[in-house]
Every structure is written in structure tokens, then in C-alpha cells.
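Trainee: Could you take me through one part of this model up close, residue by residue, and then show me how it connects to what lies around it?

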Amino acid sequence: MATDAISAAQPDATLATDLLGVAGPVSLRRSAEGVPGWGVVSASGETLGYIGSTWEIAGSVGYSGRPLDILVAIDTKAKIAGARLMRHSEPVLTLGISEADIAAFVNGFAGIDLASPRSEILEPQEGAPDVIARATVSTGVIRDGILRTARTLAIGRGLISDSAGIDRISYAPSDWNALLAKKALRRGFASMSDAALASAEAKVPVQPGEAPFLEFWTGLIDPPTVGQNLLGQQLYTQAVGSLGPRDAALIVISRGLYSPRGPLWRRSGLFDRLTILQGATRYHPKAEDVLIVKRLAITGAPEIKEASVFRLPGDAIDPTLPFRVEVTASWPARTGAQIVYVIGADYALPAIWRLAPPAPPEPLWREIWAAKRIQTSIVATMLGVLTLILFAQEWIVHRPKLWRRLRLGFLATTLFVLGWGLNGQLSVVQVVAFVQSLFSGFRWETFLIEPVIFLLWAFVALGLLFWGRGVFCGWLCPFGALQELLNETAQKLGIRQISVPQALHERLWALKYTLFVAIVALSFYSMHDALVLAEAEPFKTAISLRFLRAWPFVLFVLALLVAGLFVERFYCRYLCPLGAGLAIPAKLKIFDWLKRRPQCGRECRYCETQCTVGAIDPLGRINPNECVLCLRCQVIQHDETACMILKRRVRAAQAAKESNK
């Protein structure tokens with residue numbers, strides 16, 4: 001893992017007040033247990049909110065493959081109060097985007113209610129700058145990190161729940177026996193004889209008998225069917241009205257000689273006779289958390305001696321899980337020791353008052369794919385059409401006019417629809433991100449978060465095995481399409497094309513391969529510097545940002561396009577690091593779809609002069625590292641009006657025909 005990924009950002013008091021929008025002074029209390037984070041506390045001791053780190057809580061990694069750390073603040077009402085981007089290596093945020101735009105986008109999540117349905121949370125946020133909104137990969141990663149961290153922090157602090165809850169709404173009239181039949185209350189019992197046996201060695205043993213030493217019933221009264229029937233509407237409202245989000249109310253109803261409350265709780269502040277056990281937790285209710293009930297409102301109840309309602313704090317006892325209620329009786333023994341006798345009852349919330357657990361939120365990438373069904377359908381259709389073109393190339397290249405219309409039409413679609421419309425421009429930055437992710441922790445979710453880019457890369461990866469790098473470079477690269485369409489226009493306008501000498505042409509190829517290796521190598525030293533060097537790609541300026549950048553970037557792109565008017569696909573030939581990167585795995589290509597004749601290069605060199613990127617050498621061989629699969633040479637090879645070999649065959653056939661007359 002990268003060394004800069006070890007420690008999470010830490011807030012200070014000033015940043016905490018900014019994120020929560022409160023006045024100081026405040027103090028921060030670090031909590032490393034459970035969900036790590038910081039509590040923000042006012043001078044009076046009031047908790048104002050909580051702050052968590054996306055790197056520490058969610059392990060968020062950006063599209064660059066490096067840690068993405070955002071401090072997220074939530075208030076005590078489970079709403080996002082603010083967020084601050086502390087560390088990133090995201091390409092779109094590193095260059096060309098102002099700090100104010102970044103802050104505006106990240107803070108656009110303020111006010112989101114974490115208890116709202118996920119679909120509402122994912123609605124576009126007001127204030128998000130358009131230029132960042134188009135960078136859907138980076139902003140999707142940021143959005144996912146903020147929402148997952150805020151939700152996890154809210155759950156960890158008890159502001160919202162992600163488990164099965166208690167039905168606190170449904171109500172049906174019921175009597176005592178009906179509640180017992182539904183197991184709303186569980187019974188604990190010990191007779192006088194049971195207590196006498198237990199206290200036989202006591203200084204003053206209990207006298208045996210059939211009467212109850214202690215009989216008690218206990219259960220949660222949170223379901224209105226239980227609580228409202230037992231206590232009546234007014235007292236029930238009083239009992240549950242002050243409960244916290246995860247708290248519950250436990251009633252203990254008793255009769256007999258022994259009291260579960262005992263006489264000392266007012267002095268000690270603790271009900272030491274009463275214990276609630278859950279797992280390793282032993283909880284004694286506190287004096288400030290009790291409501292004394294003088295009488296029950298339910299019909300059919302037995303005569304009772306006392307009844308009490310206790311608050312069970314959610315951070316101590318989970319009311320949705322089984323627990324045990326124990327009442328402890330003790331007597332001094334004749335030997336001076338203490339005799340302890342425990343009467344208990346096991347309780348579990350009945351299924352009829354248990355809400356189904358909320359469905360876990362869909363991974364963000366699935367929601368984005370669902371929201372972008374139209375975009376993915378368009379891309380899938382384009383890829384399907386391209387597949388048909390490539391598989392039917394032998395039929396198409398025999399029809400020059402059809403090929404030309406398909407070629408220009410598809411390139412125009414790639415530029416205007418895929419590029420400027422859907423922002424579907426692949427980049428060497430994505431290659432670097434993939435390489436980095438292999439070292440810092442590969443996650444499919446990071447790459448699935450942008451459907452258009454993922455579909456393109458999936459198709460290109462498969463296409464490298466079938467056809468080589470030309471699948472992307474020749475058909476699916478919007479900037480490549482822009483160059484070829486501009487050069488097509490230039491030739492129609494009579495702009496003379498420059499023929500680069502073969503020796504110089506082949507040596508200039510080294511530029512793009514050197515640039516690719518330099519970008520990848522530099523990313524291991526400094527991702528920021530690698531992204532600066534990756535600005536040799538004009539894709540972001542020309543396609544992703546539609547030339548809406550500072551003038552040096554625009555001037556650089558215009559210079560490349562002007563050069564492309566005289567040397568077709570000038571940038572693709574000599575400078576494109578992505579094309580160089582794709583040429584390396586393209587060595588694994590298992591099919592050779594492009595046909596050549598033995599005479600090519602010896603008797604005819606017309607294809608060489610017409611090749612879009614100069615990928616045909618003087619011997620007539622096609623260099624697969626440079627070929628963009630435009631199929632122009634295949635059209636020429638079958639065109640009797642263009643191919644010199646076919647021309648000679650036609651003349652020879654005509655001469656033979658005339659001689660036979």
C-alpha cells in the first residue's frame with residue numbers, strides 16, 4: 001500500500017466549527033472504538049455533531065488508485081453538516097479545476113438527511129459546478145465516500161439504525177392474557193419454599209410456603225399494543241416520549257415478598273438488584289431512568305405489588321436481540337459470607353412486533369448504472385454496430401462507397417455522441433489508475449462507477465485480443481475521430497498533405513512509447529507529477545471539457561489539430577501515450593484479419609501512401625502496433641480502380657479478350 005495512505009486527516013477546532021456551522025469554542029473528543037471519529041463538544045458539554053474520515057471509515061480510494069480522504073461532519077439529527085476534501089490524486093481535480101469549485105461540489109452534500117431513502121440522497125446536488133459534474137468518475141467516487149462515511153458514522157453514534165427495528169406504530173386492543181399468549185411479557189418465579197431452600201444457611205432463613213417469594217413479568221413496552229394497553233395512553237406517552245433513537249423501555253411488574261427495586265436505589269442511584277444481561281454486558285438501570293407505575297390499565301391483570309418502567313440505553317443493550325432480566329436476592333450467611341439467589345426471565349422481542357431490517361443500500365455503481373440506462377444503451381448499440389462492421393469487414397471492403405459512409409458516419413457518432421455527448425473518452429490516466437490500484441488494493445466498484453467508461457474499456461480489452469489496438473484508436477477515440485474528420489475536410493479544401501520520410505516517421509514513434517513509460521513510472525513517485533505529464537494528452541481539453549480551459553491548454557490542442565490538417569492523425573502517430581500503452585497488450589492478438597498480397601510493397605505501394613497513420617512499411621507489411629484498423633488498405637486491395645495489381649489484371653484480361661476476337 002502507498003506510504004501516503006497510512007494516516008487519515010485529523011480535524012482541528014476551527015475546521016470543526018466550519019464543517020458544522022456552529023460558533024466556538026468547541027473541543028474534539030476522539031473515539032477509536034467501533035466506528036472511529038471525533039465528537040464535537042461545546043463549552044457547556046453539549047455534543048454538537050460528529051466528524052469522520054472517508055479513508056479511515058470507508059477506505060475510499062479514488063479513480064487514480066490512491067487514497068481519497070474527505071472529512072465529513074454530521075449533526076445530531078443525522079444530517080450531513082459539511083465536508084472538506086483533505087487529500088486526493090484525482091486527475092480531474094488536480095488540473096484545470098479551481099479550489100473553489102472543488103469546495104462547492106463537496107459542500108453540496110450539506111443538508112442531506114441520512115434517514116432519507118437512498119434514491120433521494122442520490123439526486124443531483126445544487127451548487128455542484130458543471131465542469132466537475134461532467135467528471136462523473138471522480139465525483140462518483142467522492143459521492144460514494146461521503147455518503148458511506150456519513151451513514152456509517154450516524155449508525156455508529158446511534159443516530160440511525162441499520163438493523164431490524166421495533167414496530168412503534170401498530171396498535172391493537174389487548175388484555176393481559178392475550179399479551180402473555182403473544183409472549184409480550186416473560187415470567188420469572190420463585191416460591192417461598194424455593195427461597196427457603198436457597199437461604200437455608202442464612203442467619204435468618206426465609207420461611208417455606210406456596211406463596212410467591214417473587215413473581216415478576218418483564219418485556220419491552222415500545223410496541224403500542226404492549227405499552228399502551230398496559231399503561232394507558234397518557235402514561236405510555238410519558239414512558240416512551242423521551243427515549244433516544246436506539247433506546248427502549250423495559251417494564252418490570254412484580255408481586256410477592258421480595259421487591260426488584262429494593263429500598264436503596266434512591267440513595268445509591270442504581271437498581272443493584274436488577275440486572276439486564278446481553279452477551280458480555282451486565283447493565284443495572286439507573287435512578288434517573290425509571291418511571292414508577294402505580295397501577296396497570298390493562299384488563300385481566302393480576303394484583304401486583306409494584307411496577308416500574310426502565311430506559312434501556314441503545315449503546316448498552318440492543319432491544320432487538322434476546323436478553324435476560326435477573327433479580328438478585330441476598331442474605332447474610334451464618335459464616336459471615338453472603339448468600340445470593342437469582343430469579344431470572346429470558347426475553348426476546350416477538351416477531352409480530354419486529355420490523356424487517358432495512359434493505360442494505362445498493363452499491364453506488366449499481367444505482368448509477370440504473371440511472372444511466374439510456375447512456376449505456378447508446379454505448380452498447382455503438383459497440384454492437386462496430387462489432388458487426390469488424391466481423392463483416394470482408395463484405396464491406398468490397399463496397400468502397402458503403403465503407404466510406406460507414407466510416408465517416410461512425411467517426412461522427414464517436415465524436416459528437418460518445419465524446420462530447422457522453423464524455424466517453426478513454427485516457428492514459430485510467431491506465432495509470434488501474435496499475436496503481438493493483439498495488440493499493442484493486443476494487444471493481446471504483447471502475448464500475450462510470451458505466452460508459454467501463455463498457456468502453458471492457459470492449460477495448462476484448463478487442464485487443466481479436467483485432468488489436470485499432471478497435472479503440474481507429475473507431476472509438478473521439479479525439480482520433482476529430483483529427484480524421486478535420487483532415488478529411490482539409491483534403492477536400494485542397495490542403496496539401498505532408499509526407500513524412502519513412503526513416504523519420506519510424507523514429508518519431510519512440511516519442512509516444514517514451515511518454516507512456518514516463519507517465520507510468522512517474523506515477524509511482526508522484527501521482528500529481530504524473531498527471532501533469534499526462535496533460536500531453538489533449539483529450540481532457542478537447543473532449544471532456546469541450547475546450548473550456550485556460551488558454552495554454554486550448555492553444556496546445558489547436559496546435560495538434562492544425563498539425564493534423566497536414567499530417568493525417570499527427571497526434572496519434574507520434575505523441576499518444578494511450579495508443580502506445582494499448583499497443584503493448586495488443587501483442588497478444590490471436591487473429592489477423594487484414595489481408596495482404598505477395599506483390600504488396602514490391603509491385604504496388606499505393607496502400608502505403610494512403611494509410612491513415614503510416615502503419616504500412618515500404619515492403620508492404622502492416623505494423624500492428626501502429627494500425628488503427630480503418631480498413632482503407634483493405635478497400636484499396638479490392639478496388640480495381642485503385643489497386644495497381646488489380647488494374648494490371650484487368651488490363652491483362654482485356655488484352656487477352658481482345659486478342660481472342
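Mentor: Let's start at P577, which touches V428, K512, L515, F516, I519, E537 and Y571, leaving aside residues up to four places away in sequence. Keep in mind as we go that this is a predicted model. P577 belongs to helix α27, which covers residues 577–583. With a relative accessible area of 0%, P577 counts as buried, because the cut-off for that is under 20%. There is another proline to look for here: P538 is 39 residues from P577 in sequence, and their C-alpha atoms are 11 Å apart.

One of the contacts of P577, V428, can lead us onward. Helix α17 covers 428–440, and the loop between α16 and α17 holds N423. Have a look at the backbone of N423: its phi is near 60 degrees, a positive value in a residue other than glycine. N423 is also buried, since its relative accessible area is 17% and the limit is 20%.

Now step back along the chain into α16, residues 400–419. This helix has 20 residues and reaches 27 Å from its first C-alpha to its last, close to the 28 Å expected at 1.5 Å a residue. Even so, α16 has a kink of about 25 degrees, centred on T413. Its buried residues are W403, R407, F410, L411, T414, L415, L418 and G419. When you read that list, a general point about helices helps: an α-helix has 3.6 residues a turn, so residues three or four places apart point the same way.

The arginine in that list is worth a pause. Buried or exposed, how does R407 come out? It is buried, because its relative accessibility is 2% and buried means under 20%. The side chain of R407 has a partner in E484, and a polar contact of 2.8 Å joins the two side chains. Beyond residues up to four places away in sequence, R407 touches G474, W475, E484, R569 and C630.

W475 takes us straight into the largest nonpolar core, which has 71 residues. W475 is among the residues with the most contacts inside that core, along with F472, L476, F479 and L578. Helix α19, residues 451–466, gives the most to this core, with seven residues. To see how the packing works around one of those residues, click on L476. Leaving out residues up to four places away in sequence, L476 touches L383, L386, F410, T414, L418, G424, L456, F459, V460 and V471. F410, T414 and L418 are among the buried residues of α16, and that ties L476 back to the helix we have just left. As a general pattern, nonpolar side chains tend to be buried together in soluble globular proteins.

W475 and R569, both contacts of R407, also appear in the surroundings of V628. Apart from residues up to four places away in sequence, V628 touches R469, G470, C473, G474, W475, R569, T612 and V613. V628 sits in the loop between α28 (606–610) and α29 (632–637). Being in a loop does not leave it open here: V628 counts as buried because its relative accessibility is 2% and the limit is 20%.

While you are in this stretch of the chain, check the cysteines, as a bench biochemist would. How many disulfides does the structure hold? The answer is zero. C600 is in no disulfide, and the nearest cysteine sulfur to it, that of C607, is 5.8 Å away. C600 counts as buried, at 11% relative accessibility. C633 is in no disulfide either; for C633 the nearest cysteine sulfur is again that of C607, 5.6 Å away. At 13% relative accessibility, C633 counts as buried too. Neither 5.8 Å nor 5.6 Å would qualify, because a disulfide needs the two sulfur atoms within 2.5 Å.

So our route has run from P577 in α27, through the loop that holds N423, along α16 to R407, and on to V628 in its loop between α28 and α29.

Definitions and conventions:
Residues are numbered from 1 along each chain as its sequence is written. This is a predicted model: local features need pLDDT of at least 70, side-chain atom pairs count only at pLDDT 80 or more; totals for chains, interfaces and linings use all residues. Side-chain values use heavy atoms; hydrogens and water are left out. A nonpolar core is a set of buried Ala, Val, Leu, Ile, Met, Phe, Trp, Tyr and Cys residues joined through side-chain atoms within 4.5 Å. Buried means under 20% relative accessible area, exposed over 50%, partly exposed in between (1.4 Å probe, protein chains only). Helices (H or I, at least four residues) and strands (E, at least two) are DSSP runs, numbered from the N terminus. Contact means heavy atoms within 4.5 Å. A polar contact is a pair of N or O atoms within 3.5 Å; within protein, one must be able to donate a hydrogen and the other to accept it, and residues adjacent in sequence count only if both atoms are side-chain atoms. The expected span of a helix is 1.5 Å times one less than its number of residues. The bend at a residue is the angle between axes fitted to the seven residues ending there and the seven starting there.
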